[in-house]
Number of protein chains: 2
Amino acid sequence: MSDDAERRVRARAWFEELRDRICAEFEAIEDEYAAATGSGPAGRFERLPWSRPDPTTGGGVIARMTGQVFEKTGIMASTTEGILSQDFRSDRGGDDDPRYWASSISLICHMRSPKVPAVHMNTRHFRTAQSWFGGGADLTPMVPVEADTADFHAALKAACDAHDSRYYPRYKKWCDEYFFLPHRNEPRGVGGIFFDQHDTGDWERDFAFTRSVGLAFLDVYPRLVRRRLFEPWTAEDRRHQLIRRGRYVEFNLLYDRGTAFGLKNGGNVEAILMSMPPEVIWP
Amino acid sequence: MSDDAERRVRARAWFEELRDRICAEFEAIEDEYAAATGSGPAGRFERLPWSRPDPTTGGGVIARMTGQVFEKTGIMASTTEGILSQDFRSDRGGDDDPRYWASSISLICHMRSPKVPAVHMNTRHFRTAQSWFGGGADLTPMVPVEADTADFHAALKAACDAHDSRYYPRYKKWCDEYFFLPHRNEPRGVGGIFFDQHDTGDWERDFAFTRSVGLAFLDVYPRLVRRRLFEPWTAEDRRHQLIRRGRYVEFNLLYDRGTAFGLKNGGNVEAILMSMPPEVIWP
């Protein structure tokens with residue numbers, strides 16, 4: 001197998017493995033909650049395969065769950081190839097040859113409890129004439145709790161520092177800049193890390209870093225969920241949560257590049273808009 | 001008074017008069033509903049003045065109501081002036097002199113009953129080195145009813161035809177093209193008319209046409225509301241309505257030029273995002 005082919009296979013296999021491990025962990029949380037509260041059946045992921053209109057150009061599987069803890073969560077692992085649309089060529093190293101190959105995992109959790117933060121995580125490998133990794137994770141509590149924010153940042157910092165001490169400050173800053181709503185002069189949440197076009201020239205090292213980010217997420221987010229899972233909340237907390245979710249919608253539709261890229265490059269609409277919260281109010 | 005100043009005064013006065021007449025009509029519908037059902041107090045508009053950060057550059061009044069019939073309606077009349085941001089100059093005749101003056105009425109209704117269509121109406125006068133009118137009205141039923149759609153189109157057609165028989169076909173087509181969600185390959189609603197940079201060279205005539213569009217709306221929409229007001233509906237109808245509202249959000253944040261213009265030119269965020277539905281689901 002050529003280097004190119006082998007790297008594609010390994011990247012894809014990792015994103016799918018990570019998807020499976022996260023699904024298992026989230027279902028375990030559903031089990032714990034159902035057992036502790038006796039409040040009904042634990043949520044289970046449903047897996048929906050999708051392919052592009054021309055299936056030879058790829059597709060993926062959306063794992064989604066409507067549970068008791070996870071009000072709406074979607075985890076998509078997909079692998080696609082094709083021709084970059086004009087708008088995205090210069091950005092993505094496709095000026096000379098607009099063909100691309102991409103594999104990714106992308107995840108969002110909107111939680112029933114306003115005490116449990118929403119979260120987003122995505123890592124991806126992108127290959128044109130160039131090759132790079134991108135991704136990140138960021139936390140959106142409805143009301144920030146300092147201990148949770150600190151633990152989330154610490155987990156990502158450790159993942160970064162294990163590879164290069166310059167990564168964390170750079171990618172944390174990028175996250176703060178990226179997940180920002182200029183029209184409201186508000187950050188989307190409390191941040192995390194964001195990286196794109198990460199290419200040190202050492203593919204193995206960059207792939208290892210990308211795996212570490214995914215594993216850090218898999219470690220820290222379930223811990224935060226379990227910490228807040230049984231805290232009581234009021235109708236007022238819920239209302240606040242539904243309003244804050246409106247900001248999430250505004251960000252994703254007005255500013256998010258992944259959303260724009262997907263919608264303009266024949267992505268799966270249901271998969272791309274999986275990030276939309278299940279229930280939102282703009283009072 | 002110069003022609004320029006007189007035209008500004010008259011355009012602004014019209015948009016504010018139309019706002020007042022629409023508010024009165026909507027409140028009358030609230031009264032009728034409350035009287036017929038005995039279900040509680042009729043909704044009333046609340047008027048919130050706003051000004052730009054530099055108040056010498058204008059502001060407006062948002063009239064908004066949360067009623068029994070009108071779940072959320074906002075009618076904004078505003079008059080602003082300033083410097084066009086770079087992105088919007090060529091589009092709006094501001095290449096040589098980027099100063100602009102604009103006055104408008106903009107309205108949106110999200111209705112409690114899934115049997116009553118949502119609606120949007122906007123008319124505006126814009127002055128740079130050039131001067132023109134723009135606007136339109138479009139209907140978004142949750143489940144289209146042919147008679148309502150036909151009456152809505154007929155009212156706008158009559159308003160257009162009274163001025164020039166070429167307007168209606170052109171502006172109906174523009175509306176169908178404009179209020180379209182490419183990512184879903186779906187129209188936003190059943191259409192209406194949309195016009196922009198309307199300038200025949202005869203200001204009086206163009207202003208009269210713009211007034212006619214506003215009056216056609218004031219005639220037809222209340223008729224449609226009264227026609228459907230007392231129809232029963234189910235939880236399933238409501239769920240469908242909340243899902244359809246998601247399409248409205250997607251359109252406004254992904255594609256609407258007025259939203260983008262407002263957010264990038266220091267418009268009032270609450271006023272611009274008044275169009276967001278009060279409650280939405282993305283299941």
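Trainee: How do you know which way H2(A) passes H4(A), left-handed or right-handed?
Mentor: In this predicted model, H2(A) passes H4(A) in a right-handed crossing. The term applies because the near helix is turned clockwise from the far one by less than a right angle.

Trainee: Why is H2(A) called roughly antiparallel to H4(A)?
Mentor: The axes of helix H2 (residues 146-161) of chain A and helix H4 (residues 203-228) of chain A cross at roughly 160° and come within 8 Å. Angles over 145 degrees count as roughly antiparallel, so H2(A) is roughly antiparallel to H4(A).

Trainee: What makes up the contact of H2(A) with H4(A), by class?
Mentor: Eleven residues are nonpolar, one is polar and five are charged. H2(A) contributes, among them, A:Phe152, A:Leu156 and A:Cys160, and residues from H4(A) include A:Ser212, A:Val220, A:Arg223 and A:Arg227.

Trainee: Why are H2(B) and H3(B) called oblique to each other?
Mentor: Helix H2 (residues 146-161) of chain B and helix H3 (residues 167-178) of chain B pack at an angle of about 135°, with their axes 8 Å apart. Roughly perpendicular covers 65 to 115 degrees and roughly antiparallel begins over 145; the angle of about 135° is in neither range, and the pair is therefore oblique.

Trainee: Which residues make that contact?
Mentor: From H2(B) they are B:His153, B:Leu156, B:Lys157, B:Cys160 and B:Asp161, and from H3(B) B:Tyr167, B:Tyr168 and B:Lys172.

Trainee: How do they divide by class?
Mentor: Four are nonpolar, one is polar and three are charged. B:Tyr167 and B:Tyr168 belong to the contact, and Tyr counts as nonpolar.

Terms used
Residues are numbered from 1 along each chain as its sequence is written. Chains are lettered from A and ligands numbered from 1 in the order in which they are written. This is a predicted model: local features need pLDDT of at least 70, side-chain atom pairs count only at pLDDT 80 or more; totals for chains, interfaces and linings use all residues. Side-chain values use heavy atoms; hydrogens and water are left out. Axes are lines fitted to C-alpha atoms, for helices over the stretch in contact, and angles run from 0 to 180 degrees between N-to-C directions. Helices (H or I, at least four residues) and strands (E, at least two) are DSSP runs, numbered from the N terminus. Angles under 35 degrees count as roughly parallel, over 145 as roughly antiparallel, 65 to 115 as roughly perpendicular and the rest as oblique. Contact means heavy atoms within 4.5 Å.
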